[in-house]
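Good morning, and thank you for the time. I would like to take you through one structure, beginning with a sheet, moving to a single residue, and ending with the contact between two chains.

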Amino acid sequence: MKTISRRDFLRGAAASTAAFVMGGSMTALADDSTQEVSIWYYWETESHQVALDQVISDFNASQSDYVVTAEYVPYADFTKQLSIGAVASELPDMVIIDSPDHASYAEMGIFADLTEKFDLSNYYQGTIDSCTIDGILYGVPFGVNCLSLFYNVDMMEAAGCEVPTTWDELLEVVQALTTDSVNGLAFSSVQNEEGTFNFLPWLWSTGADTYDINSEGGIKALTYVQQLIETGVMSTECINWTQGDVMNQFISGNVAMMINGPWQIPTMQSEAPDLNWDVALIPMDSEYASCLGGENYAVISGGNEDGALAFLTYATADEQVKYLMDEFGYISADQTIAENQFDEDSKYNLFVEELEYAKARGPLADWPSVSDAISLAFNEVITGTATPEEAAAEAQATIDGIIG
Amino acid sequence: MKAIKKFFRYDNIGLLFALPAFLYMLIFVGYPIASNLVLSFQNVTVKNLVNGEKLFVGLQNYIELLQDSVFKRSFINTLVFTVACLVFQFLIGFALAVFFNKKFRIAKPVRGLLMMPWMIPITVTALIFKFIFATDVGILNYFLKSMSLIKENIEWLTTPSTAMVALVCANVWIGIPFNMILISTGLTTIPQELYESAQVDGVTKVQSFWRITIPMLRPTIESVLILGFIYTFKVYDLVYVMTGGGPVNTTHMLSTYSYKLSFEMFKYSKGSAVANILLVVLLIVGSFYLKITMKGEEN
């Protein structure tokens, strides 16, 4: 048997490395005119990544000027990476970001002006607002979602309950649904943007304004959350549950009702196909309310703007929007597409209806600080470290200090 | 030319050898520290991070921090956390080291196994402990309940006081092997003759522990405690994963609060001010360590 000497081995290794490197550069050099366009996004759901990759590879195949690549950056690291990238001038050419963060990044001065470059006349106004600062358009809405009430139909029937439409009815129903092993209600209450997103529908439903939490309505919303905790229908562990965790608790049957978004539906259908659930508008105090969520595309100024615009034009065409929205469980930000997006009996239609009551957060460059004050307030109430009145007053002081 | 030659004669040649390391430290340690210091005296937020004037605001960030209740809380938290962890890690680690120093059959493999917590990535440990301490599905509550020690599940990670306890438990578990292995090494350096002659003189086991083991281990103990302090004081990943500084900001450490200020709330200057305060504390403790090790080398 021929043994391979150390030298032969090294030689082989060097050759294969060289071949690998050259192979890599050869594909990049296949056509001198091909330019690279990079995108950062934070979706962790696999089906979302696959859908985006599909649109990207279709785009790459459809023309020969640009090659688009997408890179996943975890949501928790996204602001950090963008901040560092901005200082070090190492940004991608395009980002897909959470809509409430849009104003902050735009203030950073890293986004290109897209005014008049896209026809957004059919888009929902809230989504356009989220990427408009001082009348200048800094992005294009990717798609929208909002929160609604999910309920376990079997548990509801067993308890003999009707779908609640007001806060009082909701409290009665979730008390009836709560048992030793089942919590009546859950919504993500983590102390960050995700928690704020889930709390704002309650605040807005009282008619209170985001920046006016120390009001009758603000205190009422906080008191309602306190009631949910004190009556034991909601677990204090909600302060550690992301929306994904809440959905897992729901499909495991530990929670009878939850506040969540339509992007959970594809996962719920594949993970728990037998679960009998339905959706309803979030019960109201004085008016229906929900929080508008979703992502926006933004083009980095100084990057490969032409390439990014070419991809953006492709990705926002009707056909691609429809494909992406269906795969994501999102609703199109384009109202004309959204209205005919789903079959009549689809559960998504409820979310289209809820969208009419959904408001956007901000837009405000200091939104993260406002959001932090609000999420601190309901976390204090949930953990019992402050009364609703104290929490509201404290949050108000912080918010007043921010918006002046 | 002559002067250069003269300079490098004898001992001074050592300076040349230290130059690469010095340059490396200057670029990769010195520069970030200096730039962080400058940043903390400015007012950099999202609005002037890339473009725009970065105003020099002097000590304003530090003054504002001193009035910030979350900062005060995180400073105290970091101290309490560090001291609590050090005490338990050290005592348990010491006890285990002495125990496994006895030559019984499975001493070596078991001591090896006990190194596991030190080798597991901290984020993994943090997740495991997050599950252990979970209210409704956590195994700790399950055991306590089945032994009838508690009636209602304890909300470990969502109550401010118990969340800190949970963090300390997790970190103690991680830190025990570190203490144990260093003290074990220290124990092997004590000459057996000392114990033998003491035995001849009729000294009891307890006496020889206090009069021989402890004094002989003193340099080791000092190093372990100071290194442990430095490792523990800059804790980040464990807290970030287990509680994220919550509930209601009650378990923030200096490191996590600095991160939150910089990268969640875009207050870059304030965040770097917190990081600098963390650095100053560590520098003070670190200088003690240097003093001890230098003294050791002189001897």
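Let us begin with the sheet in chain A, bearing in mind that this is a predicted model. Four strands form an open sheet in the order β8-β9-β7-β10 of chain A, and the pairing is mixed. At its edges are β8 (183-186) and β10 (277-280) of chain A, each of which pairs on one side only. From one strand to the next, the twist averages 20 degrees.

Within this sheet, strand β7 of chain A, residues 148-152, runs antiparallel to β10(A), and the two pair over 4 bridges. Across that pairing, F150(A) stands opposite V279(A) in β10(A).

I turn now to A159(A), which belongs to helix α6 of chain A, residues 153-159. Is this residue buried or exposed? A159(A) is partly exposed, because 18 other C-beta atoms lie within 10 Å, while a buried residue would need 20 or more. Leaving aside residues up to four places away in sequence, A159(A) touches A176(A) and L177(A). As for E169(A), it is 10 residues from A159(A) in sequence, and the C-alpha to C-alpha separation is 14 Å.

Finally, the interface. Here 25 residues of chain A are in contact with 20 residues of chain B. On the chain A side, the elements giving two or more residues are α3 (75-88), α4 (102-108) and α16 (367-383). The largest share comes from α16(A), with 7 residues. By character, the chain A side divides into 8 nonpolar, 12 polar and 5 charged residues.

Thank you; I welcome your questions.

Definitions and conventions
Residues numbered from 1 in each chain as written. Chains lettered and ligands numbered in written order. Predicted model: local features only at pLDDT ≥ 70, side-chain atom pairs only at ≥ 80, totals over all residues. Buried ≥ 20, exposed ≤ 12 C-beta atoms within 10 Å, placed from the backbone. Contact = placed C-beta atoms within 7 Å. Nonpolar A, V, L, I, M, F, W, Y, C, P; charged D, E, K, R; others polar. Pairing = 2+ DSSP bridges. Axes fitted to C-alpha atoms, helices over the stretch in contact; angles between N-to-C directions.
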